[in-house]
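The following paragraphs walk through a structure, starting with one helix and moving outward to its neighbours and to the chain contact.

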Amino acid sequence: MTATSQSHAAAGHPRTLSELPIGRVGMWWFLASEIMVFGGLLGAYILSRIAHGGWTEEMTHLNSTIAAINTLVLVTSSLAIVQAHAAADAGDQKRTQRYLFITAALGLVFLCNKAYEYSIEIHHGFTPATSTFWSYYYGMTGLHGIHVFAGIVWIFALAVAVGRPSWHAIRQRVEYAGLYWHFVDVVWIFLFPLLYLS
Amino acid sequence: MTHAHHNTRLYVWIWGALVALLVLGMFVFELHLSKTTALVLIFSIAAVKAFLVLRNFMHLQGVPPVLYAIVGIPLLLAIAMVLTLMPDIAFR
């Protein structure tokens with residue numbers, strides 16, 4: 001690290017990647033690959049939608065109220081995990097663990113709501129095989145749901161690990177889990193209007 | 001190890017703003033405005049929500065500029081994919 005970059009780091013604003021923890025940089029690289037995955041899928045959906053005349057009729061069968069509740073749940077879980085990150089940085093083990101459990105529980109609520117929504121749609125005969133719109137709908141929300149599930153498993157395991165006496169060694173992982181979880185939240189922030197409100 | 005500067009009270013305010021924007025988005029949806037106006041408003045609200053999460057919860061401020069490139073380039077590629085294929089789909 002040069003003297004200049006050291007002074008920037010001391011001021012709280014790192015100028016190069018080498019001044020950041022390697023795990024944080026790795027997490028951002030991973031998120032960049034995830035942007036490609038979801039960016040490609042959302043882009044393909046927008047293009048298909050234009051090509052098929054808007055899919056206005058199909059979208060009337062979606063339940064925007066359940067989706068709005070799920071948005072609220074996910075946004076609240078984002079607040080919980082950023083509070084866990086703050087507690088971890090402050091060295092407060094109990095608060096960190098509590099907020100991580102709250103985040104995982106809210107993620108579970110999101111998935112239960114989504115499963116309920118799927119059950120209503122399937123009951124009305126709308127399956128991935130029904131039309132191109134429903135293929136995209138189940139594909140995009142399903143992929144997002146898998147990410148939520150992976151996040152729940154990670155955050156739950158982290159919450160358990162944070163309860164151990166040697167938790168200081170893994171404190172930084174709370175931030176990485178947070179980055180992943182907020183990314184999942186941001187993806188939903190765009191999926192929600194794209195599928196339900198437009 | 002570098003730590004983010006946390007302001008837990010600000011986080012609650014940001015959460016409040018996100019909830020308010022969610023309600024505003026639903027309100028715009030229920031207004032049954034013209035398609036273009038509704039799309040512009042709804043996606044502007046979504047962009048503001050994403051910005052608030054990225055800036056405040058993911059601490060994407062005061063980070064090395066190359067980190068913006070790591071995140072921005074795949075985003076630009078995804079947008080470029082839509083824009084380059086758009087003429088083929090919209091004007092065929």
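The model is predicted. Begin with helix H6 of chain A, residues 132–162. With 31 residues at 1.5 Å a residue, H6(A) should span 45 Å, and its end C-alpha atoms are 44 Å apart, so the two values agree.

The buried residues of H6(A) include A:Phe133, A:Tyr136 and A:Tyr137 towards the beginning of the list, and A:Leu158, A:Ala159 and A:Val162 towards its end. Among the elements of chain A that cover the buried residues of H6(A) are helix H2 (22–51), helix H3 (56–59), helix H5 (93–123) and helix H7 (172–197).

Take H2(A) from that group. Its axis and that of H6(A) come within 11 Å and cross at roughly 160 degrees. An angle over 145 degrees counts as roughly antiparallel, and therefore H2(A) is roughly antiparallel to H6(A). The crossing is left-handed. H2(A) contributes A:Leu41, A:Tyr45 and A:Ser48 to the contact, while H6(A) contributes A:Thr132, A:Tyr136, A:Met140 and A:Leu143. By class, five of these residues are nonpolar, two are polar and none is charged.

H7(A) has 26 residues and reaches 37 Å from its first C-alpha to its last, close to the expected 38 Å. This helix is mostly covered, with 21 of its 26 residues buried.

The contact between the chains takes 45 residues from chain A and 43 residues from chain B. On the chain A side, H2, helix H4 (64–89) and H7 each supply at least two residues. H2(A) gives the most, with 13 residues. That side divides into 27 nonpolar, 14 polar and four charged residues.

Note on methods:
Residues are numbered from 1 along each chain as its sequence is written. Chains are lettered from A and ligands numbered from 1 in the order in which they are written. This is a predicted model: local features need pLDDT of at least 70, side-chain atom pairs count only at pLDDT 80 or more; totals for chains, interfaces and linings use all residues. Helices (H or I, at least four residues) and strands (E, at least two) are DSSP runs, numbered from the N terminus. The expected span of a helix is 1.5 Å times one less than its number of residues. A residue is buried if 20 or more other C-beta atoms lie within 10 Å of its own, exposed if 12 or fewer, and partly exposed in between; C-beta atoms are placed from the backbone. Two residues are in contact if their C-beta atoms, placed from the backbone, lie within 7 Å. Ala, Val, Leu, Ile, Met, Phe, Trp, Tyr, Cys and Pro count as nonpolar, Asp, Glu, Lys and Arg as charged, and the others, Gly among them, as polar. Axes are lines fitted to C-alpha atoms, for helices over the stretch in contact, and angles run from 0 to 180 degrees between N-to-C directions. Angles under 35 degrees count as roughly parallel, over 145 as roughly antiparallel, 65 to 115 as roughly perpendicular and the rest as oblique. A crossing is left-handed if the near helix is turned anticlockwise from the far one by less than a right angle, and right-handed if clockwise.
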